[in-house]
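Colleague: I have a model open and would like to go through it. Can you take me around, starting with one of the helices?

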Amino acid sequence: QQPSSIAVFIPAMGNCHKIPRKFVRRLNGEPLISYSIHVAKEVTSEKRVVVLSDDEEIDLIASRASVNSVLIKGENSFPRRFGEKPTIQILYDIEKAIGVAADFVVWLGPSSPLVRPRDITEAIHELARGRHEAIFSASRETQQGWIYENTYQPAFAEVLNSRRDGL
């Protein structure tokens, strides 16, 4: 059973420091951020999903997905975590508009195409037990990123978790 009200914030700055325009780049035909938006809509009402961005294309993607989108101009103004300005005011505005307070707030990464709705609902259920104030997901796997220096170059020595590794 799902808690009565979950708000999901997806922070997505237009220029990632390692991969320019990362969140609008396509993965299997869809912008990367679309995966997080889809998952968020699976765990809560689209009225309670908020994409925070400083980028008009990301704003357009969010609007087309029928979720709330807030353009935040200026890198120093962009919130790094929930609780920083303007996240609390945005949450209050949503709660006022729909007439229901959020029981839980999820800060969902915009580049998490492998996160499943079940992952979020299981974390929410764990929080609902009252033994924790927050849950953060993490991985023991080494991050496999890319560096952009006139062209994309792998920032790792070998490919991990590939099909040829038997996974």
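Modeller: Bear in mind that this is a predicted model. In α3, the buried residues are Thr 87, Ile 90, Leu 91, Ile 94 and Glu 95.

Colleague: Where do the buried residues fall, seen down the axis of α3?

Modeller: Within an arc of 135°, so the buried residues line one face of α3.

Colleague: And which exposed residues does the face turned away from the buried side carry?

Modeller: Lys 96 and Ala 97 are the exposed residues there.

Colleague: What do the buried residues of α3 pack against?

Modeller: Strands: β1, β4, β5 (68-71) and β6.

Colleague: How many residues does α3 have, and what does it reach from first C-alpha to last?

Modeller: The helix covers residues 87-98, which is 12 residues, and reaches 17 Å. At 1.5 Å a residue the expected value is 16 Å, so the two are close.

Colleague: What follows α3?

Modeller: Gly 99, with a positive phi near 75°.

Colleague: And on the other side, which peptide bond is cis?

Modeller: The one from Lys 85 to Pro 86, where omega is near 0°. Pro 86 sits in the loop between β5 and α3.

Colleague: Back to phi. Which residues other than glycine have a positive value?

Modeller: Asn 28 is one of them, with phi near 55°. Ser 66 is another, with phi near 65°.

Colleague: Where is Asn 28, and is it buried or exposed?

Modeller: Asn 28 is in the loop between β2 (26-27) and β3 (30-31). Its relative accessibility is 73%, and the cut-off for exposed is over 50%, so Asn 28 counts as exposed.

Colleague: What about Ser 66, where does that lie?

Modeller: In the loop between α2 and β5. Ser 66 has 41% relative accessibility, so it counts as partly exposed.

Colleague: How do β4 and β5 run, and how many bridges join them?

Modeller: They run parallel, joined by 4 bridges. One pairing to look at is Ser 53, whose bridge partner in β5 is Leu 71. Together with α2, the strands β4 and β5 make a right-handed β-α-β unit.

Colleague: Change of topic: the largest nonpolar core. Which of its residues touch the most other members?

Modeller: Val 8, Ile 10, Ile 33, Ile 37 and Val 51, out of 25 residues in that core. At least two core residues come from each of β1 (6-12), α1 (32-43), β4 (49-53), α2 (56-64), β6 (104-107) and α4 (117-128). The largest share is that of α1, with 6 residues.

Colleague: Take Ile 33. What is it in contact with, leaving aside neighbours within four places in sequence?

Modeller: Ile 33 is in contact with Ile 10, Ala 12, Phe 23, Val 51, Ile 58, Ile 61 and Pro 110. Another core, of 10 residues, lies apart from the largest one, and its members include Ala 7, Leu 52, Ile 72 and Ile 90. Ile 90 also appears among the buried residues of α3.

Colleague: Now the whole chain. How many helices and strands are there?

Modeller: The protein has 4 helices and 8 strands. Starting at the N terminus, the elements run β-β-β-α-β-α-β-α-β-α-β-β.

Colleague: What percentage of the residues count as buried?

Modeller: 34% of the 167 residues.

Colleague: Last one. Among contacts with a separation of 6 or more, what share comes from residues 24 or more positions apart?

Modeller: Such residues account for 58% of those contacts.

Conventions:
Residues numbered from 1 in each chain as written. Predicted model: local features only at pLDDT ≥ 70, side-chain atom pairs only at ≥ 80, totals over all residues. Heavy atoms only, no water. Core = buried A, V, L, I, M, F, W, Y, C linked by side-chain atoms within 4.5 Å. Buried < 20%, exposed > 50% of the residue type's maximum accessible area, 1.4 Å probe, protein only. Contact = heavy atoms within 4.5 Å. Arc of directions from axis to C-beta. Pairing = 2+ DSSP bridges. Right-handed = clockwise from strand over helix to strand, strands pointing away.
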